[in-house]
Amino acid sequence: MADGGPVEHGYPHLETVRAAINALYKRLSYDTVQTFATSVAPVDVAFCDTDDLHLGAQRVAREMVRHYRLPDARMIVGFREMTHAANVELAAGPEYFIELNDRFRTHRRDIGAALAHEVMHVYLHRLDLSFPGTRDNEILTDTAAAYLGAGWLLLDAFREDAASSQKLGYLTPEEFGYVLAKRALVFDEDPAIWFTSPQAYTAYTAGLELARRDTRQPPLTAAGWAGRRRYARDRRHAQADHSPEATQPGGVPYSFTPEASGGPGGHGPLRVSFPCPTCHQRIRVPVRGRVRARCGVCRTVLECDT
């Protein structure tokens, strides 16, 4: 929790975020991800200063349990002085104890954001889905919360001006914006209408541009002129290189590999490998012009010009 201190910006965790989206699709399946097409509604986690603190926190926790489809889980929420925003005890269940930082006693509008992250910890714990190391595991938790419809609250808790700042979660604001944009492109949902923080909206628009850029990378037909020209040059170099190893041009997401062959030289026509713009699963298709590919993980149909 950045509370008055400097807020990190940019995309320092981007590869881990993309790995987290891929892990979600693989662990949950396309069909299960589709059941999260509707995000948590602002009205369902609204918390005003006249609400009873503990009853209100329990109500919001129950909403997170409902949204994440954990019907047999009960969250018991308390408050204490601590360094981090919140903490959850990952026991066997069905009861889980969540502690929130005492600052939420007077910053009640952000209780939903803190609980979105902590209840997601319980969800991932039950899935037995985790990344090695605390940092990567927390990035997985933030990414999952955002992609499955509750993490817009975490981005909306980001506020920054010349005198103060606040941010919840381990992702940067732009990384939260990126994950929310990836979700928006899949479910045709615009989370920007829910933001109360102007800084959250700015971070979302930055993340949306990067997410759209994922859909315009060669060999996808939506790639721009410069990308297609670079791709054609890299393809010529790969075709001229008779090495059986993969050719990975620098600074681009695609790579070329010759197919195994029984003919002279032991290798045949080229294949190109590139990440799915939706779930970042590597896709491998033949280099032979216009090709339609279907991602086996998220079922996205991709129009390619290889």
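**Group meeting: helices α1, α4 and α9, and the cysteines**

Good morning. I begin with one atom-level detail: the side chain of N22 comes within 3.2 Å of the backbone oxygen of C279. Please keep in mind throughout that this is a predicted model.

Where does N22 lie? It lies in helix α1. N22 has a relative accessible area of 11%, so it is buried, the cut-off being under 20%. Leaving aside residues up to four places away in sequence, N22 touches C279, H280 and Q281.

Let us turn to I21, which also has its place in helix α1, residues 14-28. Is I21 buried or exposed? Its relative accessibility is 0%, and therefore it counts as buried. Which residues does I21 touch, once those up to four places away in sequence are set aside? They are T143, Y147, K182, T278 and C279. C279 thus appears among the contacts of I21 and among those of N22. I21 can also be compared in position with G296: 275 residues separate the two along the chain, while their C-alpha atoms are 15 Å apart.

The next topic is the cysteines. How many disulfides does a search of the whole structure find? It finds zero. C276 is in no disulfide, and the nearest cysteine sulfur, belonging to C298, is 3.5 Å away. C279 is likewise in no disulfide; for C279 the nearest cysteine sulfur is that of C295, at 3.5 Å. Why do these pairs not count? A disulfide requires sulfur atoms within 2.5 Å, so a separation of 3.5 Å does not qualify. As for exposure, C276 is buried, with a relative accessible area of 0%, and C279 counts as buried at 0% relative accessibility.

I now move to helix α4, residues 111-127. From its first C-alpha to its last, α4 reaches 24 Å, close to the 24 Å expected for its 17 residues at 1.5 Å a residue. Helix α4 is mostly covered, with 15 of its 17 residues buried. Just after α4 comes D128, which takes a positive phi of about 60°.

Finally, consider helix α9, residues 225-240. What span should its 16 residues have? At 1.5 Å a residue they should span 22 Å, and the end C-alpha atoms are 23 Å apart, which agrees. Within α9, the buried residues include Y231, A232, D234 and A238. As background for reading such a list, an α-helix has 3.6 residues a turn, so residues three or four places apart point the same way.

Thank you for your attention.

Key:
Residues numbered from 1 in each chain as written. Predicted model: local features only at pLDDT ≥ 70, side-chain atom pairs only at ≥ 80, totals over all residues. Heavy atoms only, no water. Helix = DSSP H or I, 4+ residues; strand = E, 2+ residues; numbered from the N terminus. Expected span 1.5 Å × (residues − 1). Buried < 20%, exposed > 50% of the residue type's maximum accessible area, 1.4 Å probe, protein only. Contact = heavy atoms within 4.5 Å. Polar contact = N/O pair within 3.5 Å; in protein donor to acceptor, adjacent residues only side chain to side chain.
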